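Have your viewer ready, with cartoon and stick display to hand. We will go from one loop residue to the next, selecting as we go.

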Amino acid sequence: MSDSLTNEEVSRYGRQMIVQGLSTNNPIDQQLLLKNSKIVLIGAGGLSSPCLAYLAGAGVGTIGIIDDDVVENSNLHRQIIHSTSKRGMLKCESAKKFINDLNPNVIVKTFPVRLNNENAFDILDQFDVILDCTDTPITRYLSSDVAVVLGKTLISASGVNTEGQLTVLNFENVGPCYRCFHPKPPPPHAVSSCSANGVIGACIGLVGVMQAVETLKVLQKIYTKENFEPFMLQYNGFMDQSLRRFKMRGRREDCISCGSKAENKITREMIENSEINYFEFCGSRDYNVLADDERITVQEFEDKYWKDKKPKEDTVYLDVRPAHHYSISNFNNEKFHNIPLAELKSFKNDWTKLKSKMPELEPTSEVVVFCRHGNESRLATRVLKDDFGIKNTKDVIGGFFKYIDDVDPSLPKY
């Protein structure tokens with residue numbers, strides 16, 4: 001615990017220290033609150049990038065970063081603390097290097113792991129405030145439950161496409177937790193992610209900046225038990241930019257995580273012993289709908305159906321990616337048809353609609369089905385077999401991206 005600032009620190013943070021009206025504390029005390037704070041960010045991606053940059057720049061004393069992923073080319077349009085030269089590096093280590101270059105006064109602790117029931121308490125208990133910068137319900141419920149047990153404030157943000165949202169949870173052990181807002185998780189098919197649904201970097205970056213602002217307000221005690229009111233910020237970036245603040249209800253007395261009257265409240269032991277199964281609670285889409293003999297590898301596709309980059313004459317080729325995905329990168333051959341999975345499902349046994357998209361298709365046709373990663377193509381294969389009786393349909397394992405990785409890296413991968 002430090003009780004003073006160096007001359008270098010006063011020079012570095014002076015422009016923020018002279019802002020008036022933030023608190024009744026004097027500027028030195030306000031800056032010392034940051035210097036003596038310990039925060040941890042779950043994730044080092046699009047939300048974390050601007051959030052980390054501004055919090056490190058502001059002089060937060062200790063910052064922890066939890067992320068087991070590595071920097072990839074597809075990250076760089078939005079995850080701006082990383083760079084081309086860091087591709088292949090662990091994101092948490094890349095983020096540490098960025099922070100060290102920006103502000104060597106900050107102590108950075110890295111955790112190259114995925115947060116789970118077994119490690120969450122040991123990691124998160126080292127810090128004062130937790131920031132959830134992920135896009136999975138599993139992590140949101142886990143981090144919130146652990147924050148409640150540990151008595152930590154959790155600042156939670158998410159974003160996808162051009163939208164994002166932000167809230168402060170379990171503030172000073174009186175504010176609501178994530179389960180108060182969402183007692184039940186959304187159905188798995190309704191959960192969006194940046195990798196599947198895309199994201200505009202500037203939009204998610206703005207949400208990350210707002211997350212940094214809320215963190216500063218918590219650390220510098222701008223929020224108090226007396227003035228804090230639960231809220232949800234919702235941001236929409238395109239068309240008419242909008243930022244809406246919704247007043248949220250307080251703690252639910254029957255909440256199994258933070259409620260005062262709940263039975264069988266969640267405990268540390270229940271979490272660490274995996275009595276609380278977040279994967280089971282949140283669910284996942286079941287793509288295991290095919291037998292092994294209903295699938296082929298990308299190499300088998302190459303050898304049998306795409307020899308010398310020529311389609312097999314008596315085969316029908318179907319790609320069920322969304323149309324805007326297909327337009328970015330495809331096999332560039334007229335034998336390939338693009339029918340997004342949702343559209344294919346909407347045909348509901350109507351051969352006329354299906355034939356209008358694939359005129360050469362017959363019940364006896366041999367069909368090969370692609371998607372991006374080999375998940376939705378499995379569902380599409382099941383539809384063609386069960387709804388239309390096209391028994392000789394094969395799914396390509398790993399999809400279009402696996403084909404690029406293992407067979408033809410000359411194709412654009414987005």
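Here is a short tour with three stops in this predicted model.

**First stop: N103**

Start by selecting N103, and show the cartoon on both sides. You should find N103 in the loop that links α4 (91–102) to β3 (107–111). Is N103 buried or exposed? Its relative accessible area is 0%, so N103 counts as buried, the cut-off for that being under 20%.

Now bring up the side chain of N103 as sticks, and add A56. Which atom of A56 does the N103 side chain reach? The partner is the backbone oxygen of A56, at 2.9 Å. To fill in the surroundings, add R12, Y13, G57 and G59 to your selection: together with A56, they are the residues in contact with N103 once neighbours within four places in sequence are left aside.

**Second stop: S274**

Next, move along to S274, in the loop between α10 (268–272) and α11 (278–282). Look at the backbone here: S274 has a positive phi, near 60 degrees, and is a residue other than glycine. Switch on the surface if you like; S274 is partly exposed, because its relative accessibility is 35%, between the 20% and 50% cut-offs.

**Third stop: D308**

Finally, select D308. Where does D308 lie? Look in the loop running from α12 (298–305) to β10 (315–319). The phi of D308 is positive too, at about 55 degrees, although D308 is not a glycine. With a relative accessibility of 64%, D308 counts as exposed, since the cut-off is over 50%.

Terms used. Residues numbered from 1 in each chain as written. Predicted model: local features only at pLDDT ≥ 70, side-chain atom pairs only at ≥ 80, totals over all residues. Heavy atoms only, no water. Helix = DSSP H or I, 4+ residues; strand = E, 2+ residues; numbered from the N terminus. Buried < 20%, exposed > 50% of the residue type's maximum accessible area, 1.4 Å probe, protein only. Polar contact = N/O pair within 3.5 Å; in protein donor to acceptor, adjacent residues only side chain to side chain. Contact = heavy atoms within 4.5 Å.
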